[in-house]
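Trainee: I have a model to read and want to know how each label is earned. Can you walk me through it?

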Amino acid sequence: MVEKKTEEVIVAEYKVHIHCGECARAVEKHIIRNAGVQKVDINVSSGKVIVKGSNFDVKQVQERVERKTRKKVELISPKPKPKEVKPPEKKEEKKEVIKTTVIKVHLHCANCENDLKLMLLKHKEIHKVETNRAAQTCTIVGTIKEEELIKHIRKKARKHAEIVPQKVEKKVEEKKIKLEVKDGKEELTVEKKEELKTKDVVVPYFIHCTHAPQWFSDEDPNACSVM
């Protein structure tokens, strides 16, 4: 046997300004056309409207009557459930990386040096500027990208600039292997040492050799003799 689905009976109450029977019939006509509405009771004197039915949208009935009759309709019961307001999603702030960039630029006098400093410090992504006229270099601290920095100098200062590559130090692990004799047994020990190197290092291997005892020797009185 197939079980019949039980339909939920809904009773909705509205408040509408109704001044005559003609007005009440117009309101009833627009309500009864909604899907699921089965019965409409209207009290002209009090303006109370009772709507009964199954599985109809009480909010949709209210909006339809207001749109068709241009009358204000107040939903008394059941009260619509308040919409859940989701809190705004917090956007992850991107952390700007502060880096130091060294550029090669022509600085022919003190005025030229000061003008370049002032021009660079006006940029919001540049925090600190140091110049070296003797080395013809400029050190810039900030979050600006290298490509944008070069374009900015060419556009604003009309100068040719080049990025000076930075030396990156690498950690090289140095290993030493030692052969030790403990309690008559030979043991290999490895010592590790980390150093900062900029070039490849050839790691030496130290192996201490032990000579076998001279069992057959004419000079050693305790040595074995061959008869």
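Mentor: Begin with confidence. Strand β10 (residues 185–197) has the lowest mean pLDDT among the elements, 58, and β7 has the highest, 92. This is a predicted model. The protein averages a pLDDT of 77, and 70% of the residues score at least 70.

Trainee: Over which residues does pLDDT stay under 50?

Mentor: Residues 198–213. The model has 14 contacts for them beyond four places in sequence. Where pLDDT is low, the predicted coordinates should not be read in detail.

Trainee: Now the sheets. What is the strand order in the open sheet that contains β1?

Mentor: The order is β2-β3-β1-β4, four strands with antiparallel pairing.

Trainee: Why are β2 and β4 said to stand at the edges?

Mentor: β2 (37–43) and β4 (73–77) each have a single partner strand, so one side of each is left without a neighbour in the sheet. Neighbouring strands here are turned by 25° against each other on average, direction ignored.

Trainee: How do you know that β1 and β3 pair?

Mentor: Pairing takes at least two bridges. β1 and strand β3 (residues 48–54) have seven, in the antiparallel sense. Therefore they count as paired. Ala12 stands opposite Val51 in β3.

Trainee: And what makes β1 and β4 a pair?

Mentor: The cut-off is at least two bridges, and β1 and β4 have four, again antiparallel. Tyr14 shows both pairings: its bridge partner in β3 is Val49, and in β4 it is Leu75.

Trainee: Which helices pack on this sheet?

Mentor: α1 touches β1, β2 and β3, and its direction makes about 160° with that of β2. α2 touches β1, β2 and β4, and its direction makes about 160° with that of β4.

Trainee: How many cavities of 30 Å³ or more does the structure hold?

Mentor: One. The largest cavity has a volume of about 40 Å³.

Trainee: Which residues line the largest cavity?

Mentor: Tyr14, Val16, Val27, Ile31, Val49, Val61, Gln62, Val65 and Val73. β1 (9–16), α1 (21–32) and α2 (58–69) each supply at least two lining residues. α2 gives the most, with three.

Trainee: What makes the lining count as eight nonpolar and one polar?

Mentor: Val, Ile and Tyr are on the nonpolar list, while Gln is on neither the nonpolar nor the charged list, so Gln counts as polar. The lining includes Gln62. The tally is eight nonpolar, one polar and no charged residues.

Trainee: What is the strand order in the open sheet that contains β5?

Mentor: β6-β7-β5-β8, four strands with antiparallel pairing. The edge strands are β6 (126–132) and β8 (161–163), since each pairs on one side only. Neighbouring strands are turned by 30° against each other on average, direction ignored.

Trainee: How do you know that β5 and β8 pair?

Mentor: Strand β5 (residues 99–105) and β8 share three antiparallel bridges. At least two are needed, so the pair qualifies. In β8, the bridge partner of Lys104 is Glu162.

Trainee: Which strands does α3 lie across?

Mentor: Helix α3 (residues 110–121) lies across β5, β6 and β7 (137–142). It runs at about 165° to β6.

Notes:
Residues numbered from 1 in each chain as written. Predicted model: local features only at pLDDT ≥ 70, side-chain atom pairs only at ≥ 80, totals over all residues. Heavy atoms only, no water. Axes fitted to C-alpha atoms, helices over the stretch in contact; angles between N-to-C directions. Contact = heavy atoms within 4.5 Å. 1 Å grid on protein atoms, 1.4 Å probe; cavity = no way out; pocket = protein on both sides within 12 Å on 5 of 7 lines; lining within 4 Å. Points joined across faces, edges and corners; volume = space filled by probe spheres on them. pLDDT = per-residue confidence, 0-100.
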